Amino acid sequence: MISIQLALCLVTKANLSYRSIPRVFKALNQTLNLGLKEPTHTTVLIWMKKQGVANFKDKSFFQGKKWFLIIDESIQFGNKKLLSVMAVLSSPLRTKALTYLDLIPLVLKSSTSWKSEQIKQEIINSIDVKDVEYVVCDNGNNLKSTCSILDLAHIEDVNHKFSGFIKNIYEKDPIFESYTKHLSGMRGKLSLSKFAHLIPPSQRIISRFMNLTPLFVWGDKTLKLIESKKLNAQEFEKVAFLLSYKAFIKDTLMILNTLNLIQRKLKTNHFNQVQVNECLLELKNLKSAKGLLIAEKMRSYFEITSAKLNPDKQLVCSSDIVESCFGKYKEVVRLNKTIGVSDICLSISCLTNNGDIKELKRALEKTKMKDVKRWSKENIGETLFKKRKALYSEIRENKNIKTAA
């Protein structure tokens, strides 16, 4: 059982692939002479899937307590999206950000699209809505509509909300477009040159307004190198254009740093009147035209969200922990994206397990492979991999028939 516990921890905590586990066991045996039985990667997959299915609870488990839900849907995997609904026990006071162990999986299910009626049905099949206090999710129309249909307060994810403010102010700003175009050009021209050490960090195309800070930190630091004359003539030539953006970089970095500080407060100490008052004080540092616009939007956000709770109550306003679950899953499947959404997504459910060896033993004894197959049939359906395999097997069969003829 220790070997099983170690194997699953290496997957869920260390982000190792399933095929890496046998090699890790072999290395441990060779260096430490532990005598561990080396499992195959398929055996580790079976353990993970059984544990993942066992972590789902009956509807009766949630009765008599108050919960809030975190809902998110993944990016497209093949032709399907993965819906995740996690339940979290409401608490009068939280002093740290949520962890995987705070989550109890309600729904992990794939579909070509997720409409509000479908999401609603999945939720009411899993938990009595009267035991749910509110829902944390982004501002997607289907998720907002689900909250409305279920008559549940929608607490907007702070990360998506703040990036929306940034997008609204900067997306069509000519100076911002010019600055980012310059940086993109630098990456293209200098990445393979002797000036590669100067290039700015790359940026994700998806959700670009959620990760702008590194671009402006780079700009600010490079300006300081210029001002302190740490660059030689050739290096200076490559980054001299930054001087014309100095005021813009300084102002934008002040805005981003303020928003990042407020986000950290709200993600760690969560949304309550004390935190709101502290955040409002931070907004007083924003004095530029763009800063004042951001501050106005922030105050409106605080006012609207405050109206959704009792002044003495604390709300979780971040879905980061579920985003992290998706990130772990993407790491598991990144080497073979053609597989699409499969029952390997049960690795997300596995993350919510505390690793207790007695609980693991009960889960593996209670859950059979027929339970895993039934779960997969009900929640995943035909995978992209199976569809591809079935299609191309027809070619092999036809070839064999012709050869026999």
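**Asp-131.** I looked up Asp-131 in this predicted model and found a relative accessible area of 5%. Asp-131 therefore counts as buried, the limit being under 20%. I placed Asp-131 in the loop that runs between α4 (116-126) and β4 (132-137). I then listed the contacts of Asp-131, leaving aside neighbours within four places in sequence. The list holds Phe-62, Gln-63, Gly-64, Lys-65, Lys-66 and Trp-67.

**Arg-362.** I turned next to Arg-362, which sits in helix α15 (residues 357-366). Arg-362 has a relative accessible area of 53%, and the cut-off for exposed is over 50%, so I noted Arg-362 as exposed. I also found Arg-362 in a positive surface patch. Lys-57, Lys-358 and Lys-366 are the other members of that patch.

**Charges.** For the chain I counted 66 positive and 39 negative charges. I took the mean position of each set and found the two 6 Å apart.

**Whole chain.** I counted 17 helices and five strands. The C-alpha trace spans about 70 × 60 × 50 Å along its principal axes. I checked burial over the 405 residues of the chain, and 47% of them count as buried. The exposed area of the chain came to about 21,500 Å², with 54% of that area supplied by carbon and sulfur atoms. Last, I took the contacts between residues at least 6 apart in sequence. Of these, 68% join residues at least 24 apart.

Methods: Residues are numbered from 1 along each chain as its sequence is written. This is a predicted model: local features need pLDDT of at least 70, side-chain atom pairs count only at pLDDT 80 or more; totals for chains, interfaces and linings use all residues. Side-chain values use heavy atoms; hydrogens and water are left out. Helices (H or I, at least four residues) and strands (E, at least two) are DSSP runs, numbered from the N terminus. Buried means under 20% relative accessible area, exposed over 50%, partly exposed in between (1.4 Å probe, protein chains only). Contact means heavy atoms within 4.5 Å. Patches are made of residues with over 30% relative accessible area and no salt bridge: like charges are joined within 9 Å, nonpolar side chains (Val, Leu, Ile, Met, Phe, Trp, Tyr) within 5 Å. Accessible areas come from the Shrake-Rupley method with a 1.4 Å probe; for residues, only the protein chains shown count as cover. A salt bridge is a side-chain nitrogen of Lys or Arg within 4 Å of a carboxyl oxygen of Asp or Glu. Lys and Arg count as positive and Asp and Glu as negative; His and the chain ends are not counted. The place of a charge is taken as NZ of Lys, CZ of Arg, CG of Asp or CD of Glu.
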